[in-house]
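Work through the exercises below with the sequence and the model at hand. Each task is followed by its solution.

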Amino acid sequence: APDGAGPLLPASGLRVLDLTRVIAGPVATRTLALLGADVLRLDRPGLPELPDQHTDTGFGKRSALLDLVTDREGFEELLAGADVVVTGYRPGALDRFGLGAEALAERRPGLVVAQLSAWGATGPWAGRRGFDSLVQVATGIAHVERGPEGRPGALPAQALDHGTGYLLAAGVLRALSDQAEAGGSRLVRAALARTA
């Protein structure tokens, strides 16, 4: 970089609210943080991220505890300053808190909402919870990776989580570049099953 400046950080100046847990969502927001975004991870009091997970996916982020039921005013203040909100819950799970994509964009025009789920936003399994290992079983990966005795196997890493997290981060960056040209709010969705 010229004159001793740091590396190019394409997400510099971007403000991201991270409402995700475990692996895929935190990988997406960690990626955005490493690209220069100001990421604030929000956890519910009494339900912090597992320490090992936080060690892996929390660096580059700030963290805070916030109860979406009792501190709506605090959340709305954070939302007013956000450019991107990333959620990692099954489709519809956050709607009761007014955190569906349309509701968020209505309150914060120009917002990019990135949603991560196990099974996708449509289809018979859309409302189900899920995680990497279950998606590996449902999509046949566990069968392909079975051992010699025929027991279901698994990939040697949580590849669906990590891959989907990186795809979601890339989708956010693409949405922002589209938005820079055409304006408006954007919705980005990624699902572990689609990655599988």
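**Exercise 1.** Place K61 in its strand and state whether K61 is buried or exposed.

Step 1. K61 belongs to strand β3, residues 61-65; strands are DSSP runs of E with at least two residues, helices are runs of H or I with at least four, and both are numbered from the N terminus. The model is predicted: local features need pLDDT of at least 70, side-chain atom pairs count only at pLDDT 80 or more, and totals for chains, interfaces and linings use all residues. Residues are numbered from 1 along each chain as its sequence is written, and side-chain values use heavy atoms, with hydrogens and water left out.

Step 2. The relative accessible area of K61 is 12%, so K61 is buried (under 20%; exposed is over 50%, partly exposed in between; 1.4 Å probe, protein chains only).

**Exercise 2.** Find which residues K61 touches, not counting those up to four places away in sequence.

Step 1. With contact taken as heavy atoms within 4.5 Å, K61 touches D18, P26, T29, R30, A33, V39 and R41.

Step 2. With T29, the contact is also polar: the two side chains make a polar contact at 2.6 Å (a pair of N or O atoms within 3.5 Å; within protein, one must be able to donate a hydrogen and the other to accept it, and residues adjacent in sequence count only if both atoms are side-chain atoms).

**Exercise 3.** Which element gives the most to the lining of the second largest pocket?

Solution. β6 does, with four residues (a pocket, on a 1 Å grid over the protein atoms alone, is an open set of points where a 1.4 Å probe fits, with protein on both sides within 12 Å along at least five of seven lines; lining residues have an atom within 4 Å of a point). The lining has 28 residues, with P91, Q115, S117, A121 and R189 nearest the pocket's centre.
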